[in-house]
Amino acid sequence: YRKLEPMPASQWEDIKGGKVAAEEAGEKKSQMDFALWKKSKQGEPAWSSPWGPGRPGWHIECSAMAGDVLGDNLDIHAGGEDLCFPHHDNELAQSEAFCGCKQWVNYFFHAGHLHIRGLKMSKSLKNFVTIGQALEEHTANQIRLLFLLQNWDRPMLYSDQMVDDAKAKEQMLKNFFGTVKGLLRETPPNKYGGVPQNWHEDEQKLSEELSVCKSAVHSSLCDNFDTPRAMEAIFSLVSSTNKYINRGKGDGVRVMLLLNIARYVSLICRTFGLAEDSDSIGFGGSTGDSSGGASEGLLNAFVSFRDQVRKLARDTGNRDLLELCDSVRDDVMPGLGVRLEDRADGSLYKLDDPAVLLAEIATKKKKQEEAAAAKKQKKIMRMQKDLLKWESVSEDLFQSDERFSKIDEESGMPVAMADGKPLSKSLQKACQKALTKRKKERDELDRLGGEDYIKGLREELEKLSM
């Protein structure tokens with residue numbers, strides 16, 4: 001008994017000694033006992049039985065239903081980690097006794113609990129998030145990635161930091177697919193023969209990384225479905241491919257190699273449910289990938305024209321024209337489902353869902369506004385500190401100090417205490433040091449402009465605070 005979660009030796013000793021909890025003594029002969037049939041309470045469903053009206057216990061209920069459908073052997077049985085004991089252990093005990101077998105279930109999968117900001121998700125804690133609520137803030141793929149980046153059999157964290165990481169990883173994959181598609185558009189299959197396809201050291205190295213990635217993904221999934229390690233291998237391959245694309249060598253890239261890599265990454269994404277089941281590269285779905293034909297020709301022509309206009313504007317120093325080109329890229333094309341990326345050798349366009357692009361722009365704008373507000377607040381606090389400092393510097397140091405009854409008008413040095421007694425030598429030394437420091441500060445204030453500088457600080461601070 002208790003195959004899944006073996007009992008500690010100390011607990012076995014208690015059971016052998018016949019120790020039973022006081023509150024259970026009336027119902028149990030042993031701590032190992034659990035209910036097969038429960039007496040129904042008032043208002044609960046009830047069926048007649050040799051022991052009186054009652055209902056099935058929780059454990060026998062599941063065993064009966066599973067056994068009725070699947071018989072005396074289940075290949076896979078799954079549930080949350082909290083069901084390991086007592087529920088699944090009790091299911092095994094009663095089902096194996098009833099079926100006369102030694103192994104009712106071949107494999108158990110016990111999934112980790114979902115934790116919201118460090119605490120187990122629970123209605124009692126009021127930290128319950130439904131799938132519908134999560135989808136209001138995040139895409140389905142972002143939530144899938146969030147779970148893929150964590151082990152299935154350990155506590156799973158749902159937090160702002162984890163979601164942001166999933167979003168960054170999703171953006172990394174989308175940018176990768178978009179870049180490869182853009183390069184493939186520049187060199188379609190009917191032009192492969194007209195561009196170099198021979199491999200050098202960079203291509204050999206990248207091809208080896210593809211092989212290493214395939215091996216790592218396979219071994220990770222064979223090791224308890226370790227999806228975080230599998231995805232880590234995919235992201236490493238994508239990162240290396242991006243470096244290869246952006247390395248800036250004059251002989252360009254080898255599109256067939258890029259196509260092979262993108263196809264493999266797409267295959268893994270489809271396997272994990274991140275992409276639609278198709279032969280195309282990328283996530284598929286409503287990302288604008290189906291434009292094709294005339295639409296693709298128009299986009300190619302427009303991007304080429306814009307590149308020429310940008311080059312002319314740079315060559316002639318026409319900033320207004322450059323700003324117009326930027327405005328088309330940032331304000332017009334996203335609403336049409338087109339992401340434009342300017343490169344040294346010409347622009348690259350990627351197709352995506354307009355809603356996604358516009359949401360990205362809104363998020364970016366919000367972050368910029370928040371950063372600007374934080375910067376402004378920081379400046380206000382710094383200016384307030386400066387104003388307090390310089391206002392105090394402009395005042396006489398000991399004039400309002402109640403410790404002293406007499407101040408030398410010429411030097412500003414205290415000469416008598418409040419009781420008329422002279423200052424001690426240590427206090428004289430401290431006051432002289434403070435006066436020397438104040439003189440340096442006043443010299444610095446005079447260099448800045450004196451009272452006019454303080455007045456300017458007040459006016460600027462007032463404007464910033466409006």
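Is Y1 buried, exposed or partly exposed? In this predicted model, Y1 is partly exposed, its relative accessible area being 39%, and the first of the close-up views below takes up its ring.

**View A. Y1 and F34 form a stacked aromatic pair.** The count of aromatic pairs comes to seven. In the pair formed by Y1 and F34, the ring centres are 6.3 Å apart and the planes differ by 15°, an arrangement that is stacked. Y1 belongs to the segment before α1 (9-16) and F34 to the loop between α1 and β1 (37-39), so the pair ties together parts that are 33 residues apart in sequence. F34, with a relative accessible area of 25%, is partly exposed, as is Y1 at 39%.

**View B. F177 and F283 form an edge-to-face pair.** The planes of the two rings stand at 80° with the centres 5.5 Å apart, so the pair of F177 and F283 is edge-to-face. Distant parts of the chain are linked here, since F177 lies in helix α6 and F283 in the loop between α9 and α10 (293-316), 106 residues apart. F177 is buried, with a relative accessible area of 3%, and F283 likewise counts as buried, at 12% relative accessibility.

**View C. The largest nonpolar core has 44 residues.** The residues with the most contacts inside this core are L173, I234 and V265. Two or more residues come from each of α5, α6, α7 (201-222), α8 and α9 (255-271), and α9 gives the most, with ten residues. V265 touches L173, F176, F177, I234, L237 and V238, when residues up to four places away in sequence are left out of account. Another core, of ten residues, lies apart from it and has L387, V393, I454 and L457 among its members.

**View D. Helix α5 carries buried residues that several elements cover.** Within α5, which spans residues 140-148, the buried residues are N141, Q142, I143, L145, L146 and L148. The cover over these residues includes α4 (131-137), β7 (156-158), α6 (160-186) and α8 (227-245).

**View E. H138 occupies the loop between α4 and α5.** With a relative accessibility of 11%, H138 counts as buried. Its side chain makes polar contacts with two other side chains, that of Y158 at 3.4 Å and that of K167 at 3.5 Å. Leaving aside residues up to four places away in sequence, H138 touches I143 and V163 as well as Y158 and K167.

**View F. Helix α3 contains a proline, P86, that follows a cis peptide bond.** The bond in question runs from F85 to P86 and has an omega near 10°. Along α3 (residues 84-99), the buried residues include C84, H87, H88, D89, N90, E91, L92, Q94, S95 and E96, and what covers the buried residues of this helix includes α2 (58-70), β3 (74-80) and β4 (105-111). After α3 comes G100, for which phi is positive, near 70°.

**View G. N224 and F225 have positive phi values although neither is a glycine.** The phi of N224 is about 60°, and that of F225 is about 50°. N224 is found in the loop between α7 and α8, where F225 is found too. N224 counts as partly exposed, at 38% relative accessibility, and F225 is also partly exposed, with a relative accessible area of 45%. Ring pairs link F225 with F109 and W152 into a cluster.

**View H. Strands β10 and β11 form an antiparallel pair.** The pairing of β10 (residues 404-407) with β11 (residues 414-417) extends over three bridges, and F404 stands opposite M417 in β11. The hairpin of these strands has six residues between them, and in this hairpin G412 takes a positive phi near 80°.

**View I. Lysines K169 and K389 each lie over an aromatic ring.** The charged end of K169 sits over the ring of F235, at 5.5 Å from the centre of that ring. K389 lies over the face of W390, and here the distance to the ring centre is 4.5 Å.

Key. Residues numbered from 1 in each chain as written. Heavy atoms only, no water. Buried < 20%, exposed > 50% of the residue type's maximum accessible area, 1.4 Å probe, protein only. Helix = DSSP H or I, 4+ residues; strand = E, 2+ residues; numbered from the N terminus. Contact = heavy atoms within 4.5 Å. Core = buried A, V, L, I, M, F, W, Y, C linked by side-chain atoms within 4.5 Å. Polar contact = N/O pair within 3.5 Å; in protein donor to acceptor, adjacent residues only side chain to side chain. Phe/Tyr/Trp six-rings, centres within 6.5 Å; stacked < 30°, edge-to-face > 60°. Lys NZ or Arg CZ within 6 Å of the ring centre and 35° of its normal. Pairing = 2+ DSSP bridges.
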